[in-house]
Amino acid sequence: MVKSAYIHIPFCKSKCGYCSFISFAKLGAKKDYLKTLAKEINYFYEDEVLNTLYFGGGTPSLLEISEFGNLLKRFKINDSTEVTSELNPDDVSYDYLRGLYDLGINRISFGCQTFNNEILKQINRRHNSAQVVEVVDNAKKAGFKNISLDFIYGLPNQTLDMFLEDLRRGINLGVQHISLYGLKIEEGSYFYDNMPENLPDDDEQADMYLAAVEFLTGLGFEHYEVSNFSCAGFNSKHNLAYWKNQEYYGFGIGAHGYKNGVRYANFETLEQYLDNPFEKKESKLLSEQDKLEEEIFLGFRMMSGIDTGYINQKYGIDFGGKYGQILDKYENLKLLEKTPQGYKLTPNGVLVSNVILADFLA
């Protein structure tokens, strides 16, 4: 049974330089989009009580409180449902945050990226560092007790010391969760065609990541997933549903979902989505081998790693026999580590995880 749902809100006031996500500054289309989104939800959602509901973007904070409410009322949630929304620090006031809290949204994720105002300008973020401080304070006053900050490392002109200072400032705000993403410049972003100067190289990015792991875990944060760290009890339940290979709904333009063994993706242009929200751009019924490979690929994203006993029972295999050579190879290289339940990536293994996982998926 599906217990999670993702809702994509694609609108932005402007596009960040590194962004290749499906988002656009067509705010005039918001009303039609929300009507179509409601139709899609009503058509596919089967009234399950959800464990998690996540509003991502784009910029969900461009929705009015009443528009959030109109979407939320279409789902069955209860007091234990984790309801998250991504928000931009420049968009939200105390009154807005209080309105979200009163609706039942109980977890928020702010896109901070860095506290360095010069770098924020260079990557075309609309907020400044003072706004991050203010919005976190307002969120606490509004009642939120589960607040996450996103940071990017490997930004133009960013040094290791600057990145660690970003993390210090974020933690000093008293947030419960930190997400870290290495800058990747992908096709479709402004930076792809206008490459910024003074980008840290791959080795510098790796140093930033490893230093962040040491710094955050040293302060008591749990490193529970490759990119995510939390205080005790504040893991993102929604993200863990992905990494545990659980099924979920994906609603909205470009959204991906997984239901009844089928992975699907919605259309990525506004015109196609508005024309027919019930048709999928693509869908694939996974074979048992597909499912096994996804179990491995997703499981290794969790720092606890994979449970080989569970995999053996679920897929009727002998994991150690099937993958013994690969396991020995990466254990000897100290990139994989044996655990009481199975195997996990070491911090250095995380840095080359694509190479390791490619061997399992061959």
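Which residue of strand 3 does tyrosine 54 stand opposite? It is threonine 84, and the views below start around that pair. This is a predicted model, where local features need pLDDT of at least 70, side-chain atom pairs count only at pLDDT 80 or more, and totals for chains, interfaces and linings use all residues. Residues are numbered from 1 along each chain as its sequence is written, and side-chain values use heavy atoms, with hydrogens and water left out.

**View A. Strand 3 and its two partners.** Helices and strands here are DSSP runs, numbered from the N terminus (H or I and at least four residues for a helix, E and at least two for a strand). Strand 3 covers residues 82-87, and five of its six residues are buried, so the rest of the structure largely encloses this strand. Buried means under 20% relative accessible area, exposed means over 50%, and partly exposed is in between (1.4 Å probe, protein chains only). On one pairing, four bridges link strand 3 with strand 2 (residues 52-57), and the two run parallel. Strand 4 (residues 107-113) also runs parallel to strand 3, again through four bridges, with serine 85 opposite isoleucine 108. Strands count as paired if DSSP finds at least two bridges between them.

**View B. The crossovers on either side of strand 3.** Strand 2, helix 2 (residues 65-72) and strand 3 build a right-handed β-α-β unit. Strand 3 then goes on, with helix 3 (residues 94-103) and strand 4, to make a right-handed β-α-β unit as well. Right-handed means that, with the strands pointing away from the viewer, the path from the first strand over the helix to the second runs clockwise.

**View C. The loop after strand 2.** Most residues other than glycine have a negative phi, and most peptide bonds are trans. The peptide bond from glycine 57 to glycine 58 is cis, with omega near 15°. Glycine 58 sits in the loop between strand 2 and helix 2, and threonine 59 is found in that loop too. At a relative accessible area of 4%, threonine 59 is buried. Setting aside neighbours within four places in sequence, threonine 59 touches Ile9, Phe11, Cys12, Asn88 and Asp91 (contact means heavy atoms within 4.5 Å).

**View D. Positive phi at glutamine 113 and asparagine 157.** Glutamine 113, in strand 4, has a positive phi of about 70° although it isn't a glycine. Its relative accessibility is 8%, so glutamine 113 counts as buried. Asparagine 157 belongs to the loop between strand 5 (147-153) and helix 6, and its phi is near 65°. Here the residue is partly exposed, at 35% relative accessible area.

**View E. A hairpin from strand 10 and strand 11.** Strand 10 (residues 256-259) pairs with strand 11 (residues 262-265) in the antiparallel sense, over four bridges. Look for histidine 256 opposite alanine 265. Two residues separate the strands of this hairpin, and asparagine 260 in the turn has a positive phi of about 55°.

**View F. Asparagine 172 at the surface.** Asparagine 172 lies in helix 6 (residues 160-172) and is exposed, with a relative accessible area of 66%. Its C-alpha atom is 9.8 Å from that of valine 133, and the two residues are 39 residues apart along the chain.
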